[in-house]
Amino acid sequence: MRKPISIIVAIADNNAIGKDNKLLTYIPGDLKRFKELTSGHTVVMGRRTFESLPNGPLPQRVNIVITHDPGLSIEGCRMAHSVEEALNFCQSEDENFIIGGETIYRAFLPFADKLYITRIFKSFEADTFFPEIRDCEWAEIHREDFSETPKNDFKFSFIIYQRKK
C-alpha cells in the first residue's frame, strides 16, 4: 500500500523558503496551522531542519531525521539515511508530512500526494528555495486568503494542492 505523503511549507513569491537555516518570516497563524496539521502524524526532515528547531523533536509527532552521518543518533527521533528508508518508517494508513529543507522537499516531491502551502506574497532574500509547483501536476483544492496585519506587511494564503491523477 502506498503511504500518503504530504509536503508542508511556506513559500515566498520568489520560491524562497529560508535563509541561514531559519524561516523567512514569522506568521503566527502559519505556525498554528502547521502544529494542527502535523500533530499526531509522522514528520520527515533533514538534519539541518532538525537543528533549526528551537526545542528539539516536535512533540506529539514521530520525528524522522534524514542524515548522511551513519553514526548520528538523536534522542526522540528515528534516523534515516535515504528517502527509501524514511518512507519505510512512515505510517501506511496515516498522513506523513515532509517538513524540509530544500533537498528533502526536492527528493520527496515526486512521492507527494498533497501540498500544504503557505504562499507569501512578498519576495525575500534567501538561500533555500522550493521547486516550481507545476499546474500540469497539481490541482488547487482549497484556498484561504489573508490580508496584511500590523505584524506582517504582506498578504498570504493557505493553499492545498492535490496531485492530479
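Which side chain of opposite charge is nearest to the buried D30, and how far away is it? I began my entries on this predicted model with that residue, which I located in helix α1. The nearest candidate I found is R33, at 4.6 Å, and D30 has no salt bridge although it is buried. Since a salt bridge here requires a side-chain nitrogen within 4 Å of a carboxyl oxygen, I did not list D30 and R33 as a pair. Leaving out residues up to four places away in sequence, I noted that D30 touches A10, T118 and F158.

**Salt bridges**

I then turned to the charged pairs, and the structure holds 10 salt bridges. Side chains of opposite charge can pair when their charged atoms come close. I looked first at R47 and E51, which form a salt bridge with their closest N and O atoms 2.8 Å apart. These two residues are separated by about one helical turn, because they stand four residues apart in helix α2, which covers residues 47-52. I recorded R47 as partly exposed, with a relative accessibility of 33%.

Next I looked up E137 and R163, whose side chains meet in a salt bridge at 3.6 Å, N to O. This pair links distant parts of the chain, since E137 sits in the loop between β8 (128-129) and β9 (138-146) while R163 belongs to strand β10 (residues 156-163), 26 residues apart. I noted E137 as partly exposed, with a relative accessible area of 26%.

A further salt bridge joins the side chains of R143 and D145, at 3.5 Å from N to O. Here I found R143 partly exposed at 37% relative accessibility, whereas D145 is exposed at 54%. I also noted that K19, D20 and E125 are joined into one network by salt bridges that share partners.

**Backbone**

Most residues other than glycine have a negative phi, and most peptide bonds are trans. Against that background I wrote down D20, which lies in the loop between β2 and α1 and has a positive phi near 55°. N15 also has a positive phi, near 65°; I placed N15 in the loop between β1 (5-12) and β2, and it is partly exposed at 22% relative accessibility. The peptide bond from G100 to G101 is cis, with omega near 0°, and I found G101 in the loop between β6 (96-98) and α4 (102-108).

**Buried and exposed nonpolar residues**

Is I64 buried or exposed? I found it buried, with a relative accessible area of 0%, in strand β4, residues 62-66. Apart from neighbours within four places in sequence, I64 is in contact with several residues, including V43, V44, F89 and C90. I also checked I64 against I27, 37 residues away along the chain, and their C-alpha atoms are separated by 25 Å.

On the surface, I noted a nonpolar patch formed by L23, Y26 and L31, with about 330 Å² of accessible area together. L23 lies in the loop between β2 (16-18) and α1 (28-38), and it is exposed, with a relative accessible area of 61%.

**Cysteines**

How many disulfides does a search of the whole structure find? My count was zero. For C90, the closest cysteine sulfur is that of C77, and at 14 Å it is too far for a bond. C90 is buried, with a relative accessible area of 4%, whereas C136 is exposed at 55% relative accessibility.

How values were computed: Residues are numbered from 1 along each chain as its sequence is written. This is a predicted model: local features need pLDDT of at least 70, side-chain atom pairs count only at pLDDT 80 or more; totals for chains, interfaces and linings use all residues. Side-chain values use heavy atoms; hydrogens and water are left out. Patches are made of residues with over 30% relative accessible area and no salt bridge: like charges are joined within 9 Å, nonpolar side chains (Val, Leu, Ile, Met, Phe, Trp, Tyr) within 5 Å. Accessible areas come from the Shrake-Rupley method with a 1.4 Å probe; for residues, only the protein chains shown count as cover. Buried means under 20% relative accessible area, exposed over 50%, partly exposed in between (1.4 Å probe, protein chains only). Contact means heavy atoms within 4.5 Å. A disulfide is a pair of cysteine sulfur atoms within 2.5 Å. Lys and Arg count as positive and Asp and Glu as negative; His and the chain ends are not counted.
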